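Subject: Structure handover

Hi,

Here's the structure I said I'd pass on. Have a look at it first, and then my notes on what turned up are underneath.

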Amino acid sequence: MDDMKEPGRHRRGPLLITAGVLLVAAVSTVGALGLGGGGSGDARDPDRNGRLVQVSRETLTDRTEIDGQLGHGPEVPFPVKAQGTITWLPASGTTARRGEQVLRVDDRPVVLLYGSLPMYRDLGLRQTADGAGARSGSGDGSGSGGGSGADSGTYAGDDAGDSGGSSGGPDAAGQPASDAPQRPVPLHGMDVKQFESNLSALGYSGFTVDDSYTALTAAAVERWQKDLGLPQTGTVDAGSVVYAPGAVRIAGTSARVGAEATGTPVTYTTTSLMVTVNAKATETRWAQRGTTVSVELPDGRSVPGTVASVGKDAAAPESGSGSGEGGAPAGGGEGGGNPAATVAVVIVFGDQASLGRLQSGPVTVRYAVKQRRNVLAVPVAALVALAEGGYGLEVSGEDSGEGDREGGTGDGASHGFVPVRTGLFAGGKVEVSGPLVREGMKVRVPE
């Protein structure tokens, strides 16, 4: 009979073992999910893999990045009006300042001056018939003050007219009589004032910086022309001067010595380094003038930069240039026809010295999309998905006990898991909050 009972015992053994294995697995699963269990949860198990970190209070910043190019900005052509043969050109990369030549035509310098108005006419004294219709009857023509005599001469002859046979007046065609004496009359305009400001900045004096080109201005111009090795005419030819906002860097030349001075033989850029970014037209909300960004240089260093300008016209990428008639949408960012269209964003640096010796190269621009200040944060890897939904943190044994003593509900903490609400994810960390979460609490980061 004993022999007949043995098989029954052997059959019950495997069933009991199998049930035990399932029970252990179920308890482990429930513990890992933060459900059920007692005070001896896995978070208190010294053999559990992972490291402990503290919940910290900090500022989280979600940053994104975009590629850019370090350089001197777009090239601008010099509006050269001189006619003749190019006899000298500057080297690319050199700096041209006020009073220096940017090229030579017929072996005469074309000089750089500072200003926003172009050189659109010759500057010099005009000649008019002496006393022809002068309104004030005064004005000796010396031009020393650029005063009322100058103004009377400027408009003389326009009204002279109808006096017919008056001596020295214009003939019936409105032209001065051939034997009428001529006198110099000042030239007026904002371009005169711009030129005189430069002449004064170069160290020439003896005239008043105003909008009147007088005989005194002409005398200073003659001294300037002598120093340049030019004929001392006292008149500034429109082709002898070019204007730029300030000192410039010669970007390149499109002509050779010996060629005719036509078109735009010389181009320039600013002397300051900047970054140009081709941002997607649909993603330019960050690119507001004055926005601070971080620029990672080719040598690995990061320096702060500021958005200086944002283009108003979107450009289509080369690969999409053949589709459609309109090309990229003009309007810089409203999107529509071509989501890959880009807008040029220019970033400048307050401290040029921080860039070191670098002159060009690819860079990475990082900018803040969102930011949360003074929040509790943990590594993203510390989050544990809970079976009932949401996330939790696995706390250490001592913090579980402290959570009970500090008046928490005790349920989450006593099991080794604390439910949390998540906020901003940034830089490998996540914002967390909840009634059982506190600064300094130790949580486990699984490995």
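Let me start with a loop: Ser 205 sits in the one that runs between helix 3 (190–201) and strand 11 (212–213). If you leave out residues up to four places away in sequence, Ser 205 touches Ala 220 and Arg 223. Along the chain, Ser 205 and Arg 223 are 18 residues apart, and their C-alpha atoms are separated by 10.0 Å.

Before you go further, keep in mind that this is a predicted model. The protein chain has an average pLDDT of 76, with 68% of the residues scoring at least 70. Two stretches score poorly. Residues 1–47 stay under 50 in pLDDT, and the model gives them 36 contacts beyond four places in sequence. The other stretch is residues 132–174, where pLDDT is also below 50 and the model has 47 contacts beyond near neighbours in sequence. Where pLDDT is low, the predicted coordinates should not be read in detail. I'd treat those contacts accordingly.

Now the part you'll probably want to look at, the pocket. The largest pocket has a volume of about 340 Å³. Its lining comes from 20 residues, and those nearest the centre are Arg 108, Leu 230, Asp 237, Gly 239 and Ser 240. Strand 7 (108–114) and helix 4 (215–228) are the elements that give two or more residues to this lining. Which of the elements gives the most to the lining? That is strand 7, with four residues. By residue class, the lining divides into 10 nonpolar, six polar and four charged.

Strand 7 also belongs to a sheet. This is an open sheet of four strands in the order 4-6-7-12, with mixed pairing. Strand 4 (86–88) and strand 12 (241–244) are at the edges with a single partner strand each, so one side of each has no neighbour in the sheet. From one strand to the next, the twist averages 35°. Inside this sheet, strand 6 (residues 101–105) and strand 7 run antiparallel and are joined by four bridges. Gln 101 is found opposite Val 111 of strand 7.

There's another open sheet of four strands, ordered 3-14-13-5, and here the pairing is antiparallel. Its edge strands are strand 3 (76–77) and strand 5 (95–96), each of which pairs on one side only. Strand 13 (residues 248–253) pairs with strand 14 (residues 266–270) in the antiparallel sense over five bridges. For one register point, Gly 252 has Thr 267 in strand 14 as its bridge partner.

Further along the chain, five bridges connect strand 16 (residues 292–296) and strand 17 (residues 302–310), which run antiparallel. These two strands make a hairpin with five residues between them, and Gly 300 in the turn shows a positive phi of about 95°. Glu 296 has Ser 302 of strand 17 as its bridge partner. Strand 17 also pairs with strand 18 (residues 342–348), again in the antiparallel sense, over four bridges. In that pairing, Val 310 stands opposite Val 345 of strand 18.

That's what I have for now. Shout if you'd like to go through any of it together.

Cheers

Definitions and conventions: Residues are numbered from 1 along each chain as its sequence is written. This is a predicted model: local features need pLDDT of at least 70, side-chain atom pairs count only at pLDDT 80 or more; totals for chains, interfaces and linings use all residues. Side-chain values use heavy atoms; hydrogens and water are left out. On a 1 Å grid over the protein atoms alone, a cavity is a set of points where a 1.4 Å probe fits but cannot get out, and a pocket is an open set with protein on both sides within 12 Å along at least five of seven lines; lining residues have an atom within 4 Å of a point. Grid points are joined across faces, edges and corners, and a volume is the space filled by probe spheres set on the points. Ala, Val, Leu, Ile, Met, Phe, Trp, Tyr, Cys and Pro count as nonpolar, Asp, Glu, Lys and Arg as charged, and the others, Gly among them, as polar. pLDDT is the predictor's confidence in each residue, from 0 to 100. Contact means heavy atoms within 4.5 Å. Two strands pair if DSSP finds at least two bridges between them. Axes are lines fitted to C-alpha atoms, for helices over the stretch in contact, and angles run from 0 to 180 degrees between N-to-C directions.
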